[in-house]
Amino acid sequence: MELGSGDFGCAHYRRRCKIRAPCCDEIFDCRHCHNEAKNSMEVDKLNRHEVPRHELRKVICSLCGTEQDIQQNCTNCGVCMGKYFCAKCKFFDDDVSKNQYHCDECGICRTGGQENFFHCNKCRCCYSRLLKDSHRCVEGAMHHNCPVCFEYIFDSTKEITALKCGHTIHLGCVNEMMQHLQFACPVCSKSVCDMSRVWEKLDKEIASTPMPEIYQNKMVWILCNDCGTSSQVCFHIVAHKCLSCRSYNTRQTQGAPASCSSGVSELAR
């Protein structure tokens with residue numbers, strides 16, 4: 001069980017075997033290594049592809065080099081090729097601190113411990129049990145690319161978070177968005193966090209910035225990105241406040257030039 005444990009593998013997994021990709025018949029440390037190599041800019045677009053993960057048939061023992069059918073222990077030297085082994089996913093990993101488990105509904109292995117997650121049939125993915133009674137269901141929530149980096153989310157190895165609107169995104173991508181003062185979901189434009197303090201700053205900014213007399217009675221129609229309500233409000237160069245939920249996360253639909261800046265990003269600095 002311990003012979004060679006931790007000494008073999010790649011940047012993605014510690015394991016004591018390599019895989020033979022059924023698509024191109026080449027040997028790689030893991031499917032991610034294959035996908036990175038076969039989808040790089042140096043590869044012709046017509047030849048780029050990803051390994052069909054559930055179609056793996058052969059592995060090569062990293063200790064003795066024996067190629068064999070998928071199984072946990074090498075048929076030649078007997079070494080355990082992965083302390084965690086899933087016959088359904090043809091998956092090996094020596095780092096069991098990830099608390100891997102197989103979800104039959106997802107059809108793949110996940111990390112974090114099965115006791116800590118539940119599968120949502122509508123979202124068709126696993127969420128933390130802490131979200132069981134509070135998450136907003138979105139059909140196929142993780143079966144799409146991250147709206148920021150465009151990596152496929154469902155089987156991504158990066159940490160994923162569910163926004164208040166129910167859309168999913170890499171946690172690192174959300175943090176990067178906020179560093180660039182972007183506080184709205186890239187998919188539906190709803191606010192991704194509590195913006196009440198920013199709205200208070202905008203209240204003060206608008207109160208201290210009177211519009212010229214020619215614009216004081218100018219009315220415009222706005223659509224709120226947070227609650228979806230349409231309102232007719234007084235035009236202001238800084239921002240427009242939703243009359244329903246009091247959010248400034250709005251967009252002009254009729255009236256004055258729509259190119260006027262909302263000032264939300266500036267006030268969030």
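# Asking how we know

Modeller: Let's start with a hairpin: strand 13 and strand 14 form it with 5 residues between them, and in the turn Gly228 takes a positive phi of about 80 degrees. Bear in mind that this is a predicted model.

Colleague: How do you know that strand 13 and strand 14 pair?

Modeller: Pairing takes at least two bridges. Strand 13 (residues 219-224) and strand 14 (residues 230-234) have 5 bridges, so they count as paired, in the antiparallel sense. As an example, Trp221 stands opposite Gln232 in strand 14.

Colleague: What makes strand 15 a partner of strand 13?

Modeller: Bridges again: strand 15 (residues 250-254) is joined to strand 13 by 4 of them, and the two run antiparallel. Here Ile222 has Gln252 as its bridge partner. Strand 13 also has two faces: Val220, Ile222 and Cys224 lie on the covered one, while Met219, Trp221 and Leu223 lie on the uncovered one.

Colleague: Let's move to the start of the chain. How do you know which strands pair with strand 1?

Modeller: I count bridges. Strand 3 (residues 58-61) shares 4 with strand 1, and strand 2 (residues 27-28) shares 2. The cut-off is at least two, so strand 2 qualifies as well. Both pairings are antiparallel. Ile19 stands opposite Val59 in strand 3, and Arg20 faces Ile27 in strand 2. Strand 1 and strand 2 make a hairpin with 6 residues between the strands, where Asp25 has a positive phi near 60 degrees.

Colleague: Why is helix 1 called mostly covered?

Modeller: Of the 8 residues in helix 1 (residues 31-38), 6 are buried, and buried means under 20% relative accessible area. They are Arg31, His32, Cys33, His34, Asn35 and Lys38, and they pack against strand 1 and strand 2.

Colleague: How many aromatic pairs are there?

Modeller: The structure holds 7. One of them is Tyr13 with Phe91, at 4.9 Å centre to centre and 75 degrees between the planes.

Colleague: Why is that pair called edge-to-face?

Modeller: The centres must lie within 6.5 Å, and planes over 60 degrees apart count as edge-to-face. With 4.9 Å and 75 degrees, the pair of Tyr13 and Phe91 passes on both counts, so the name fits. The pair links distant parts of the chain: Tyr13 is in the segment before strand 1, Phe91 is in strand 6 (residues 91-93), and they are 78 residues apart. Both are buried. Ring pairs also bring in Tyr84, giving a cluster of Tyr13, Tyr84 and Phe91.

Colleague: What makes Asp93 buried?

Modeller: Its relative accessible area is 0%, and the cut-off is under 20%, so Asp93 counts as buried. Asp93 is found in strand 6, and residues it touches include Tyr13, Tyr84, Gly82 and Gln100.

Colleague: How do you know that Asp93 and Lys98 make a polar contact?

Modeller: Their side chains come to 2.8 Å, and the limit for such a pair of N or O atoms is 3.5 Å, so the distance fits.

Colleague: And what makes you say that a charge sits over the ring of Phe154?

Modeller: The charged end of Arg110 is 4.9 Å from the ring centre, and the distance limit is 6 Å, so that part of the test is met.

Colleague: How confident is the predictor, going by pLDDT?

Modeller: The protein chain averages 91, with 94% of the residues scoring at least 70. Over residues 258-262, though, the pLDDT is below 50, and that stretch has 10 contacts in the model beyond near neighbours in sequence.

Note on methods. Residues numbered from 1 in each chain as written. Heavy atoms only, no water. Buried < 20%, exposed > 50% of the residue type's maximum accessible area, 1.4 Å probe, protein only. Phe/Tyr/Trp six-rings, centres within 6.5 Å; stacked < 30°, edge-to-face > 60°. Lys NZ or Arg CZ within 6 Å of the ring centre and 35° of its normal. pLDDT = per-residue confidence, 0-100. Contact = heavy atoms within 4.5 Å. Polar contact = N/O pair within 3.5 Å; in protein donor to acceptor, adjacent residues only side chain to side chain. Lists of a residue's contacts leave out its neighbours within four places in sequence.
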